[in-house]
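Trainee: Got a minute to go through this model with me? I'd like to talk about pockets, rings and a helix.

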Amino acid sequence: MWADAVMFSIKSTAPSFVGGDSWASDVGPRPSPQAGAAPIQPLRRADVVTQQPVPGTNSPEYEDVVTEPGDTDEEWAEKQAAYTAALAAHNAAEQQDADSMAAFDAALETERQKVDRIAIAGRVPVNVLGAQPGDYIVPVQDGAGIKGIPVRKVDLTHSQYLDAVGRVISIEPDGRAYVMVKAV
């Protein structure tokens, strides 16, 4: 409200820096993912076969001998079943993580909507059209409220300079001014 104003700042939905930002303390900390790493698909262990000389033969003859047996069909089926169960549990945990994060983000946005976040430093876009780089954004009365207008440096009064909230550094593609916030 213009009549209640003592000083001016930029209200922003995405300030670079804010001060005293404790509005989300009731939401609690961001949830940590619980799913962990995805299970690794098992490989079927094959028989290890080596060639050994056949006893009792004059000229050396060799035969294949299984020195380390691989997975039996039953063992392989157990490995596949265990992997399938672990993958299902992992997918369920990932979905629970996603649901928890979505609920947290929704609660955070609900709380954010309740406060005016004021940019105290940095750069932010402002809803001021018609500005040029180098212009100052000066607050003016808009009915009972306040709006910002661009004022060229050569036209700026000392009083306007003291009230200015920032200086235009560029123009956004949608025509809004991008402002370097003036620290008070």
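Mentor: Sure, here is a short walk through those topics. This is a predicted model, so local features need pLDDT of at least 70, side-chain atom pairs count only at pLDDT 80 or more, and totals for chains, interfaces and linings use all residues. Residues are numbered from 1 along each chain as its sequence is written, and side-chain values use heavy atoms, with hydrogens and water left out.

Trainee: How much space lies in the largest pocket?

Mentor: About 580 Å³. A pocket here is an open set of points on a 1 Å grid over the protein atoms alone, where a 1.4 Å probe fits, with protein on both sides within 12 Å along at least five of seven lines; lining residues have an atom within 4 Å of a point. The volume is the space filled by probe spheres set on the points.

Trainee: Which residues are closest to its centre?

Mentor: Ile10, Lys11, Ser12, Val126 and Asn127, out of 24 that line the largest pocket. Strands β1 (10–11), β5 (123–126), β6 (136–142) and β7 (145–151) each supply at least two lining residues; strands are DSSP runs of E, at least two residues, and helices are runs of H or I, at least four.

Trainee: How does the lining divide into nonpolar, polar and charged?

Mentor: It has 12 nonpolar, six polar and six charged residues. Asp, Glu, Lys and Arg count as charged, Ala, Val, Leu, Ile, Met, Phe, Trp, Tyr, Cys and Pro as nonpolar, and the others, Gly among them, as polar.

Trainee: Switching to rings, how many aromatic pairs are there?

Mentor: Two, with ring centres within 6.5 Å as the criterion; planes under 30 degrees apart count as stacked, over 60 as edge-to-face and the rest as tilted. Tyr136 and Tyr161 have ring centres 5.8 Å apart and planes at 75°, so that pair is edge-to-face. Tyr136 sits in strand β6 and Tyr161 in helix α2 (residues 158–163), 25 residues apart.

Trainee: Are those two tyrosines buried or exposed?

Mentor: Tyr136 is buried at 11% relative accessible area, while Tyr161 is partly exposed at 38%. Buried means under 20%, exposed over 50%, partly exposed in between, with a 1.4 Å probe and protein chains only.

Trainee: And what should helix α1 span?

Mentor: At 1.5 Å times one less than its number of residues, the 40 residues of α1 (residues 73–112) should span 58 Å, and the end C-alpha atoms are 58 Å apart, which agrees. Its buried residues include Trp76, Tyr83 and Phe104.

Definitions and conventions. Rings of Phe, Tyr and Trp (its six-membered ring) pair if their centres lie within 6.5 Å; planes under 30 degrees apart count as stacked, over 60 as edge-to-face and the rest as tilted.
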